[in-house]
Amino acid sequence: MASDSSADFSLAAVSPYDGRYASHTRALAAYFSEFALIRYRLRVEIEWYLALAREPQIEILAPLDAQAEANLRTIYESFSKSDAKEVKALEATTNHDVKAVEYFLKRRIGRGHFKAPIEMVHFACTSEDINNLAYALILKDFFTIDLLPRLDTVVWSLSDFAVRNAARAMISRTHGQAATPTTVGKEFAVFAHRLRRQVGHLRRQEFLGKINGAVGNYNAHHAAYPNVDWIDFSRHFVERLGLVWNPLTTQIESHDWMAELFDTSARICTIMLSLSRDLWSYVSLGYFRQQPIADEVGSSTMPHKINPIEFENCEGNSGLALALLQHLSAKLPVSRLQRDLSDSTVLRSVGAAFAHVVIALNSFSKGFSKLCIDETAIAADLDAPQSSEVLAEAIQTLMRRYGLPEPYETLKELTRGRPINPGLIKEIVSSLPLDGPVKSALSKLSPASYLGLAERLTRTYARG
């Protein structure tokens, strides 16, 4: 490349989330970039070293005072791009990414005059001990700091919109055809409720970790220091990192918790995909209009167009995220015997999956913020003569209540396949052998008033 500028990089990027959509995904570099992975690995290595130094029976490591511990932590807390380049240079020689981190840390401890034995760095560890904890910390931080707040914003937007439109009647559609009326708010309350439930699962998600050696038995640990309770030591170490300890593994942490996390995330993508399609359809029906942006162009040939591209982008990126998350969920818990590296390359695409999630959420939020309800179009649909057909359900149900014979069949015979209008509905009602007050109530019923408990449901449950 001729230039290292961000614009040149964006144009030359192979992936859209590093190129076209880089503005959406820039924040994810703090979790899923190569730089971030090295930094998190370094954090685990240093915290393990400090934990070993606190164990009295590991006599080769003298206890470190608070300042020495702080100085060591500064190595990962102040980790820089030049540091990362040094690690990558070491990897070019070792052809092993975790070993390069170990060598970097040994160099840094030696340069820093910590008076600590450098060969206790990476003591009794296999690479997976470092990697599984690094990825667990990455995902926990990403979800806590970034993704959950984004999802909360989407849920709040939907909930607020639902409550504000709890009573706004509209014709619903089942199988693409006019059906029992609902309210605008109720339909969005459904999506808010669905998303909130999945976000609740994410908030209860456990992030597991292990640090138990080559095949999960503490073989090297026990051989070197048989008097240390390595099982208890491991549990305390993992929990001090803020993770949940996994006591039984092979060399590889089983990744079942990751599958749970990705499955929940995939369900969120499925919901967002469905929501985007519904919004696209409502725009197509004219129920919603999109606010025009002065300098934006909807079509290269049709100047009048304002296309629902944000919802199309949300749908497309939700689908891509869904495919990646489902593969991650299916692949990562599967490992040959005690270890193979097929999970290692797959884990590097976790950031890609969540990049598509973030792009989808951002696209949805942008599109949703530009929507306006077209009250005229919704009212016209409700008042259209043919919309009277949706009252057939109410009539046949009232006939059941008052014991009239074959109510469903009667209404089917009178209405199915015929042009229905308010006059025909009144004619049907007047022909029924019902008491006057019942007939009067039925004759006053309209699509706009036949809403059941939609408003109450929305106001009660839209905000959780």
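Begin by selecting residues 169-174 and 177-183 in this predicted model. These are strands S1 and S2, which form a hairpin with 2 residues between them. Within the turn, His-175 has a positive phi of about 55 degrees. Display the backbone of both strands next: S1 and S2 pair in the antiparallel sense, and 5 bridges join them. At the turn, select Thr-174, which stands opposite Gln-177 in S2.

Proceed to the internal cavities, of which there are 3 with a volume of 30 Å³ or more. The largest cavity holds about 60 Å³ of space. To locate this cavity, select its lining: Arg-41, Asp-97, Glu-128, Asn-131, Tyr-135, Arg-339, Leu-341, Asp-343, Ser-344, Leu-347 and Arg-348. Two elements, helix H8 (127-164) and helix H14 (342-347), each give two or more residues to this lining. Colour the lining by residue class, and 3 nonpolar, 2 polar and 6 charged residues should appear.

Finally, select helix H13 (residues 309-331) together with helix H15 (residues 350-369). How do the axes of H13 and H15 cross? They come within 8 Å and cross at roughly 155 degrees. Because an angle over 145 degrees counts as roughly antiparallel, H13 is roughly antiparallel to H15. The crossing of H13 with H15 is left-handed. Show the side chains where these two helices meet: the contact of H13 with H15 comprises 16 nonpolar, 6 polar and 2 charged residues.

Conventions. Residues are numbered from 1 along each chain as its sequence is written. This is a predicted model: local features need pLDDT of at least 70, side-chain atom pairs count only at pLDDT 80 or more; totals for chains, interfaces and linings use all residues. Side-chain values use heavy atoms; hydrogens and water are left out. Two strands pair if DSSP finds at least two bridges between them. Helices (H or I, at least four residues) and strands (E, at least two) are DSSP runs, numbered from the N terminus. On a 1 Å grid over the protein atoms alone, a cavity is a set of points where a 1.4 Å probe fits but cannot get out, and a pocket is an open set with protein on both sides within 12 Å along at least five of seven lines; lining residues have an atom within 4 Å of a point. Grid points are joined across faces, edges and corners, and a volume is the space filled by probe spheres set on the points. Ala, Val, Leu, Ile, Met, Phe, Trp, Tyr, Cys and Pro count as nonpolar, Asp, Glu, Lys and Arg as charged, and the others, Gly among them, as polar. Axes are lines fitted to C-alpha atoms, for helices over the stretch in contact, and angles run from 0 to 180 degrees between N-to-C directions. Angles under 35 degrees count as roughly parallel, over 145 as roughly antiparallel, 65 to 115 as roughly perpendicular and the rest as oblique. A crossing is left-handed if the near helix is turned anticlockwise from the far one by less than a right angle, and right-handed if clockwise.
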